[in-house]
Amino acid sequence: YCVSVQRDGFPAENIAEQPGNYDVTQPAHTLTILPPIVLVNLLPVELSYRIRKHSLSGNIKPGRVSPVYKVNRASSLNFTFSTENFPQSETLHIPELSKGAESCIRHVEMKDTKNRFLRLNAKIELRPGLSLKISIFASFWLVNDTGIPLIFKQEGTSLEMAGQFGEHEMARSLTPLLFSFDDRDGSFRCQMRIGKGQHKDVGKPVWCTPFSLEYPREFTRVHSRQPDRRPDMVYDVGIDVRFGQGRFRDTRIVTFAPRYQFENRSAHTLAFQQRHFVREQATSNPDGTLTSLPGAQVVWHWERTDLDQLLCIRLNDIPDCRWSGGFKIDRDDSCHVSMRCSNGSLLFIRAEVMLKGAVFHIVFTDASQLPPPYRIDNMSAVPILFYQSRTEDHQRCLLQPKQSVPYAWDEPTLPRQLTCGIVNDGSFIHFSMDKLGEKEKLYYYNAIYIAFTHTFTKSDGTVSGSFQMKSVNVSNAYSKELVLDVPQGTAVILSKKEPYKRTQLWRMTSSGILFNEGSAPPFDPRKPSSSSAGFVLDVGQADPTTLVRNRRPLQLIVSKLSSQRKAYQTWSFTEDGRMRNQLAEYFVSSKPGLGLYQGVDALLCCSSKPSSSDIVPKEQQINVKKLRPGSGMLLVKVLADGPTRALRISDVRQQAEEEPFTKDWMVIERRGGLRQTTVTSGNTNDQNNKRTEVQMRLAGGIGISLINGVPEELVFATFNPIEMDYITTASSRTLELSIGSIQIDDQLHLTQYPVMLFVTPSSKEDCSVNEPAIRISSANEPTKLQNCEIFKNLNVSLRKLTLQVDERLLFKLLQFFGWVYNDDDVTVNQDSENLGIETHRTPSSVSPSSLKRYYFEKFLFNAVQLRVSVATVTRLPEDLKQIKSSMGLILVRLQGAVVDLESFSRTHAFDTRTAFLDALSKHYSEELRGQAPFILASVDFLGNPMGLFNDVSSGLEGLVRRGNVGGLFLNVAHGLSDSAAKLTGSLSDGLWSASSDSKSLESREAMKAERQHQSSGDHLVAGFKGLGMGLVGGLTSIVTQPIEGASEKGVPGFIQGIGKGILGTFAKPTAGVLDLASGLSAAVRGSATRSSRLYQPKRVRSIRNCFGPGGAIPRFSKTNSEGQSIVLKLNANNMDEKFITSESVRTDIDGRVKVLLTNERVYFVKTSGVPSPESILVSLKFEDVVDCHHLKNGTVDYVELSRKYSEPPVRVRCEAASAQKLVQKINYAKGLFEEVKHTVIVKSKTSVT
């Protein structure tokens, strides 16, 4: 066996061996007895092993661990392995390994029963205690989830993949197949074919086109050739390549799945078929139709891939439901699928197409869960015929007046053009429903009948339309429904009304001229005044003056329009229900005495005006009846009604008379299933309509502190002032939120940027100086639909921001928010039989939340400018280094890189949350890629050329505009010195990193943090300090580096230390010289810097001291915070020492003394001047202190601290008033020290198995 020794988290103890003294040492180590060898089977099949010379063998279940005890680790080992299909393998030789040996991967070749090779991998790791861990894994797992047998091989080879036999030709293997590339010089691509047992003797499987096992998503087709020149049987297979999770992370898991998978979440049984096979079908299912019950999932393959790959569906449980149009299912999309019944009613199903891995999941749901994409509102008085352009006749719909219906495209693949018009001589227009606004007008033929009122009766026997109403005897009535007619010639007679008979129809102009439609070619209603052809109503006599004088009747005829006969050809209708021209007291009538009968001549007769008691003669009672209701001209508009495009058709007169919409949107409500649809306004009069308004004003804002588990404060974010207005009613919810200022402080000690994020100071030309840092405005519309959220708008605007990132803080924040490097060990749930393969499979279902959609009439994320700076560190702690390595993130030092991000906007967007986030991420990723040259030009190791260019440009601009020569000199000096300082500083950092130990690097990092944003003199002093560190480090490196290496890694570390020492002897002095050059350049830069550039905001508050009594995190105290800062200055930045409390000892003018108590020491320091190690009067470790008590010597008071091992006590003079309090606090701190001493500090345990 092997033994691993691991120290627990007890504080380190110093044992003083003196006569008569004996301290009990805490049991601070854990001894773990381990097997010499641990074999881990990371294969999906059982693995057998055999160790030669030891006669040891065993079997390991998939994913399990097998310890091996009876081996001698002092000698080399030889292993052989086998599985069910691979009985032979080559020998794996493992030599004797010593401490410090690196992990390695060896290859093991295995043979199946047909002598085909499979290459497995053996990962050999040396664990604590010199225990050996050997993990056996394959490079690829091939998981067949298609439901059909598949055979695989490497491209360019004739042999099939090892491990495949006759049973794999008959049915798919449930166990993943192990795969490796046999020919290392050949192509690293694969091919596959259908197993011969799928179609038996009917078809001949052929190899598919090669595909790669490296790309994450691919798909291919496998064919089976059919005899008699019939089309091939084709299967679409999606290929999803992903690395395994946890301990399987070194294996690529390749999942083969059907390309298309349908999930029926509707309440209907659905039928699916390719478009080609349903073209001639109406409501019947052709052979090969796939059906799916509610809640079922089915796999889909195209029957003919040489034809259009368009899917059609129908509701199989509705007998008269016709097939839908064809739609694509090979891209992320969603749509309403429209179907029609035999009676023309519309049915809808919602189809959501989502790509998960390499599989397209098509989810069908009831359309009632989402608003329809389109709606047709016929507000006119005539029926409207509408249909998608270029569709068949049965896909046309006649919408009656004052009705509204939802609509979706009948053929989604055809152009989204709608044809709309009026039947029977009306006009038709074609337009796009995706473009909002007014379209062309619709016109329809709307001539008039000149009718004799008395002949048009109602069912109750009353005459309608007359000036005075009276009952009539229907049985004795004259001929019914008589109108003026010109059946032949020019004579006008009374005839029975016939629908659409052109000789009975008249068209009246605005000047009173009546054209007879039967005497002219068909009239184009779109050009109402473009033609004057045809005859007009006139009197028969050329000069009727004599007849008029004698009050004789005049014959009515039709004749050509003539300006000389204007008085006889101009007609009007009187208020008492008669018709006349400009001849006084003459009215249109039938022949007196003959009555109202068909065929009677129409005359213009003289009639005296009736008295109040007289009745208008029934022969003269005339009114106008339109061929159709309405004005003959319709307005067509496409409006945005939330996520629905609404087509609104209304009469021009109706549009003028009606008030405009008081509400922009309408709410679709469905009642009685799919067939009944009504439109109701969202402004319903609700007596219980309540309005709630919330106003919040936080003048001081809020502060948020992030503290990790160390504990240490990471950042302190302040937002002030905050103003919020939230209003909710039954019809809307609005939110207005503004934050005046944002500042996020870096609360780590020795950070290079104390403020991480703040609002960039405004220039004089900046007009947004009074704008808030963040403004969010949104308006939300409540809806009863579960899968829909409707937003009127969402606007987010930011002011210019400055982002200063410290590398150490960045990875600590990632660690805080859950990004933890997790090196999963071999521990496995022994009840698990699937090795977690299910976690690697493509999900077979789609979560309901992914189907929820959000509509934004306007979504706007305004443009923002970021000024980015990044500070890197030379050495990171091990846990942060692992996070950085797992992310593959490389940071470079840069300062003041200006990044302009353009605005992100969407109008009338209706999509899922994932789609919105993907679009937002893609937009800003592209923006950052576009800004990459400007970011690269600001990095320090290139000398910040962009900064130099901006400085020179600014100086030249000042010279040209204002003649500022001094400004040009200062800008050029600043740019050159800044470039020189950054270039030399970057070179120095590289040399120090390559040649220094951890202690030297920490000292250098502290020096760099202290010189940030200091004066020119401070930069110059720091440069000379760097030179001194370099010279001293070069002289001592050859001694210190080997000692440090030997203490960490033994003999190998000692040898490495010698190499580092030799390198440091030359590199450190060079780095010191570069530090001096950088300091000099920074000093020149500081002298040439204008005051506006010096602005750097300070922390809102000092760094929190997170060490409290009992380990609890205390409330923020400015005194404790300042005390911790002083302690760090006294102990050379030892972060493990935590401040507890302080107290004034004496307040003499000549000798003010203060006591500082930490978790390790008690300090008596002078309070005058800047705190430094020179300020310390007395410093004692608590482990050396026995007790503290008050001592009075005459009139002088002392605080006496007794020490161990007969050391003389320490006495400090104090004031009498504070003596007792001092003693109490020192003893309290001593008690905390003893408590922590006997407490195990919990650390993350490193596995030793």
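## Pairing in a six-stranded sheet

Two strands pair if DSSP finds at least two bridges between them. Keep that rule in mind for this predicted model. In strand β21, the residue bridged to Phe140 is Arg252. Phe140 belongs to a wider match: β13 (residues 140–144) and β21 (residues 252–258) run parallel and are joined by five bridges.

β13 and β21 sit in an open sheet of six strands. The order is β15-β13-β21-β20-β19-β17, and the pairing is mixed. Why is one side of β15 and of β17 left without a neighbour in the sheet? β15 (177–179) and β17 (204–206) stand at the edges, so each has a single partner strand. Neighbouring strands of this sheet are turned by 30° against each other on average, direction ignored.

## A four-stranded antiparallel sheet

Another open sheet has four strands, in the order β32-β31-β34-β35. Its pairing is antiparallel. The edge strands are β32 (397–399) and β35 (428–432). Each has a single partner strand, so one side of each lacks a neighbour in the sheet. From one strand to the next, the twist averages 25°.

Follow β34 through this sheet. With β31 (residues 384–388), strand β34 (residues 417–421) forms four antiparallel bridges. There, Cys420 of β34 stands opposite Phe386. With β35, strand β34 shares five bridges, again antiparallel. One of the matches is Thr419 with His430 in β35.

β34 and β35 also make a hairpin, with six residues between the strands. In this hairpin, Asn424 has a positive phi, near 60°.

## Around Cys335

Cys335 lies in strand β27, which covers residues 333–340. Which residues does Cys335 contact, leaving aside neighbours within four places in sequence? They are Ile349, Arg350 and Ala351. Pro373 is 38 residues from Cys335 along the chain, yet their C-alpha atoms are separated by 8.0 Å.

Arg350 appears again in a network of salt bridges. The network links Arg350, Glu352, Arg853 and Asp911.

## Helix α5 and its ends

Helix α5 spans residues 807–816. Its buried residues include Glu807, Leu809, Phe811, Lys812 and Leu813. In an α-helix there are 3.6 residues a turn, so residues three or four places apart point the same way.

What caps the N-terminal end of α5? Asp806 does: one of its side-chain oxygens lies 3.1 Å from the backbone nitrogen of Arg808. After the helix comes Gly818, with a positive phi near 105°.

## Nonpolar cores

Two of the α5 residues, Leu809 and Leu813, are also among those with the most contacts inside the largest nonpolar core. That core has 37 residues. Leu714, Val715, Ile742, Ile744 and Phe856 are also listed among the residues with the most contacts there. The strand that gives the most to this core is β56 (residues 713–728), with five residues.

Take Ile742 as an example. Not counting residues up to four places away in sequence, Ile742 touches Thr718, Phe719, Leu757, Phe758, Val759, Ala773 and Ile774. There is also a second, separate core of 36 residues. Among its members are Val38, Leu39, Val68 and Ile253.

## Salt bridges, buried and exposed

How many salt bridges does the structure hold? The count is 43. In one of them, Glu169 meets Arg193, and the closest N and O atoms are 2.6 Å apart. This pair links distant parts of the chain: Glu169 is in helix α1 (residues 166–170), while Arg193 is in strand β16 (residues 189–194), 24 residues apart. Are Glu169 and Arg193 buried or exposed? Both are buried.

Asp576 and Arg578 form another salt bridge, with closest N and O atoms 3.1 Å apart. Asp576 and Arg578 are both buried.

The pair Arg304 and Asp306 also forms a salt bridge, at 2.8 Å between the closest N and O atoms. Here the cut-offs matter: buried means under 20% relative accessible area, and exposed means over 50%. Arg304 has a value of 22%, so Arg304 counts as partly exposed. Asp306 has a value of 52%, so Asp306 counts as exposed.

Conventions: Residues are numbered from 1 along each chain as its sequence is written. This is a predicted model: local features need pLDDT of at least 70, side-chain atom pairs count only at pLDDT 80 or more; totals for chains, interfaces and linings use all residues. Side-chain values use heavy atoms; hydrogens and water are left out. Helices (H or I, at least four residues) and strands (E, at least two) are DSSP runs, numbered from the N terminus. Axes are lines fitted to C-alpha atoms, for helices over the stretch in contact, and angles run from 0 to 180 degrees between N-to-C directions. Contact means heavy atoms within 4.5 Å. Buried means under 20% relative accessible area, exposed over 50%, partly exposed in between (1.4 Å probe, protein chains only). A polar contact is a pair of N or O atoms within 3.5 Å; within protein, one must be able to donate a hydrogen and the other to accept it, and residues adjacent in sequence count only if both atoms are side-chain atoms. A nonpolar core is a set of buried Ala, Val, Leu, Ile, Met, Phe, Trp, Tyr and Cys residues joined through side-chain atoms within 4.5 Å. A salt bridge is a side-chain nitrogen of Lys or Arg within 4 Å of a carboxyl oxygen of Asp or Glu.
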